[in-house]
Amino acid sequence: MASLSFWNGERAVVLLVISAILLSTPFFLFSQALALSLLTIAALFLDIRLDNSNFSVPFKTRYLLMDYRIADELPFGSLGFMDFMPGASSGILLGAVTLPAVLISRLIQLSRAFSAHEIGIEELGNLKVQYWASYASCFGVLFFIFFLMWRSPNNSCSNSSCSPQDLKFSSSCMVSCAALCCVSFGIISYCGLHTVLLLLWVLFHGLAAVKLIQHLLYTFPSCASIGEALLATSGLVLYFGDMVGCTIAKIDGYWIPLDLQYGVKRSEISTIIQGVVLGLLLFPILFKFVLQLWEYIASSGHSEARPCNEIGLALIFYSSLASILIVIIPSWMQFVLDFHMHPLFWIIRFFLSEPLKRLSLCIYWVGVIYASVLRFYNISKNSKVERILLRKYYHLMAVLMFLPALISQPKFLDLAFGAALAVFLVLEIIRVWRIWPLGQLVHQFMNAFTDHRDSNLLIVSHFSLLLGCALPIWMSSGYNDRPLAPFAGILSLGIGDTMASMVGHKYGVLRWSKTGKKTIEGTAAGITSVLVACSFLLPLLASTGHIFTQALGLSSLGCDRKWFAGGLHGTT
């Protein structure tokens with residue numbers, strides 16, 4: 001019985017992918033590979049413990065709601081506990097190893113480029129630091145959760161399941177990983193101060209991840225599983241850490257080690273996306289401060305405080321948002337990242353460099369979105385089709401929108417993904433805060449496509465689809481010797497995930513585990529559909545010049561099939 005609970009489909013696929021990555025790792029990345037092995041063992045150990053227990057962690061910190069008007073919509077008891085998505089598995093193994101596995105895969109790819117003298121040592125060293133930073137974030141959260149499990153008296157974990165021996169095992173893994181990190185930095189460093197600064201930088205990411213995941217799970221209860229929260233936390237910490245490293249290095253580069261100066265040349269598009277996304281993620285903090293300041297000023301001259309009405313709140317919101325997007329973010333780009341002009345002017349000039357193609361693409365996108373949203377919204381209101389299947393039609397819509405653009409206008413698609421992510425963030429902030437006049441309308445519209453996977457407070461399904469398609473494209477920028485890598489998200493989500501859900505829902509009989517809903521038939525359909533799509537896509541890429549010959553593309557398919565087959569199961 002224990003072996004059946006251990007070998008569910010998700011764990012088997014994750015371990016298979018990690019094994020393939022470790023076997024392809026060169027010797028000079030031995031410390032990173034060994035650290036990933038320890039991280040996988042610790043995450044698997046904790047994943048089994050969490051799935052076999054009824055885990056809820058009490059917190060004494062103050063509940064931080066973004067809007068007091070949403071408090072009535074939260075489930076009872078969410079103010080005192082860190083709640084996870086109901087009915088979902090922990091997913092902590094997949095959430096913990098995903099980002100380090102992706103970064104070490106990128107390290108393997110860049111090592112081939114370095115051997116061919118196509119990149120410099122700075123880019124490789126920078127990516128190593130980012131790997132250890134993401135690694136520290138994931139392992140710090142794992143150790144923190146296990147410590148809470150061991151200390152919490154309210155869990156159903158018995159002393160036998162959360163024993164001191166378990167804590168010793170987790171502590172041993174933690175010490176081993178810290179030693180590996182020190183050895184790795186000692187090898188690439190030139191002096192003791194350099195190593196100390198690198199270790200402090202990595203430790204900063206680990207502590208920030210622990211603090212951030214507490215805040216996310218406590219501020220947005222029941223919005224995600226532990227694994228999803230861990231993946232989002234490690235990604236946000238790494239992204240914000242990059243911003244902090246660039247800013248500090250610009251202010252005083254003497255105290256920042258060479259690898260932390262992020263001296264790798266960035267494209268203008270990646271610079272704009274990073275600035276806008278980070279600015280919008282920090283915007284709620286600024287808006288809350290401005291709102292508190294406004295209420296303090298309004299109440300200082302009167303005996304009774306006068307809260308802002310809807311119109312006044314909207315004026316403060318839109319003025320603060322405009323100041324962030326027009327003044328603060330462009331100023332940071334020009335100072336820290338040496339951006340040579342206002343980003344808005346650069347975007348206009350970039351669009352006008354090929355106006356006919358890009359305008360035609362925009363018109364095509366608007367037409368597809370309008371027809372799809374109008375059709376699916378009416379179906380969702382008048383049909384009994386399950387929401388999970390209805391939302392898969394949007395995955396097919398993503399294929400229709402993004403696949404032609406990725407082949408014909410890849411750089412413009414990069415920028416369009418960033419613009420779409422910014423629009424989604426703004427609309428979600430407006431929906432959560434109920435900002436007049438769009439807040440209630442956006443909330444009603446989004447509720448038509450939500451299901452049990454979304455909460456009343458935060459809706460993230462559209463973010464998952466967008467980032468799932470965009471991240472492989474963004475991470476494939478620069479050196480890339482795998483022509484199918486940018487298409488990984490579009491094919492796996494748009495085709496593989498859709499086919500897996502439809503076939504599994506209609507014909508699925510054999511389940512990967514007794515408690516899960518994923519079926520073997522669905523997983524097989526998803527993998528097969530992606531491989532079939534790749535067989536049609538490769539000749540098309542060869543004919544358009546994306547790859548030099550079809551033979552080169554076919555050899556890449558042999559390498560990428562393992563990636564697709566391993567990565568699909570998490571979304572079936």
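Here are some notes to help you find your way around this structure, which is a predicted model.

1. Start with the overall picture. The protein chain has 572 residues, and 49% of them count as buried. Its secondary structure comes to 19 helices and two strands, so expect to spend your time on helices and the loops between them. If you take contacts between residues at least 6 apart in sequence, 78% of them join residues at least 24 apart. The accessible surface is about 28,300 Å², with 68% of that belonging to carbon and sulfur atoms.

2. Next, the salt bridges: how many does the structure hold? There are two. One is formed by Asp47 and Arg11, whose closest N and O atoms are 2.9 Å apart. This pair links distant parts of the chain, as Asp47 sits in helix 3 (residues 30-51) and Arg11 in helix 2 (residues 9-23), 36 residues apart. Both Asp47 and Arg11 are buried.

3. The other salt bridge is between the side chains of Arg431 and Glu428, at 2.7 Å from N to O. Here both partners belong to helix 14, and they are three residues apart, or about one turn of the helix. Arg431 and Glu428 are buried as well.

4. Stay with helix 14 for a moment and look at its packing. Two packed helices are described by the angle between their axes and the distance between the axes. Helix 14 (residues 410-433) packs with helix 11 (residues 343-353) at an angle of about 145°, and the axes are 11 Å apart. The crossing of helix 11 past helix 14 is left-handed. If you want to see which side chains to click on, Ile347, Phe350 and Phe351 in helix 11 meet Lys411, Phe412 and Leu415 in helix 14.

5. What follows helix 14 deserves a look too. Arg434 is in the loop between helix 14 and helix 15, and it has a positive phi of about 55° although it is not a glycine. Is Arg434 buried or exposed? Its relative accessible area is 12%, so it counts as buried. In that loop you will also find Pro437. A cis peptide bond joins Trp436 and Pro437, with omega about 0°.

6. There is another positive phi to check at His117, about 60°, and again the residue is not a glycine. His117 lies in the loop between helix 4 and helix 5 (121-151). With a relative accessible area of 72%, His117 is exposed, whereas Arg434 is buried.

7. Back inside helix 4 (residues 92-115), have a look at Ser111. Why does Ser111 count as buried? Because its relative accessibility is 6%, and the cut-off for buried is under 20%. Leaving out residues up to four places away in sequence, Ser111 touches Pro26, Phe28 and Leu124.

8. Helix 7 (residues 192-219) is a good place to compare residues, and Leu203 is one of those in it. Leu203 has 48% relative accessibility and so counts as partly exposed. Together with Val196, Leu200 and Leu207, Leu203 makes a nonpolar surface patch of about 380 Å².

9. Leu198 also lies in helix 7, but its relative accessible area is 0%, so it is buried. Which residue can you pair with it across the sequence? Try Ala133: Leu198 and Ala133 are 65 residues apart in sequence, yet 9.5 Å apart in space, C-alpha to C-alpha.

10. Last stop: Val530, found in helix 18 (residues 520-544). Val530 counts as buried because its relative accessibility is 0%. Its C-alpha is 9.1 Å from that of Asp497, and the two residues are 33 apart in sequence.

Conventions: Residues are numbered from 1 along each chain as its sequence is written. This is a predicted model: local features need pLDDT of at least 70, side-chain atom pairs count only at pLDDT 80 or more; totals for chains, interfaces and linings use all residues. Side-chain values use heavy atoms; hydrogens and water are left out. Patches are made of residues with over 30% relative accessible area and no salt bridge: like charges are joined within 9 Å, nonpolar side chains (Val, Leu, Ile, Met, Phe, Trp, Tyr) within 5 Å. Accessible areas come from the Shrake-Rupley method with a 1.4 Å probe; for residues, only the protein chains shown count as cover. A salt bridge is a side-chain nitrogen of Lys or Arg within 4 Å of a carboxyl oxygen of Asp or Glu. Helices (H or I, at least four residues) and strands (E, at least two) are DSSP runs, numbered from the N terminus. Buried means under 20% relative accessible area, exposed over 50%, partly exposed in between (1.4 Å probe, protein chains only). Contact means heavy atoms within 4.5 Å. Axes are lines fitted to C-alpha atoms, for helices over the stretch in contact, and angles run from 0 to 180 degrees between N-to-C directions. A crossing is left-handed if the near helix is turned anticlockwise from the far one by less than a right angle, and right-handed if clockwise.
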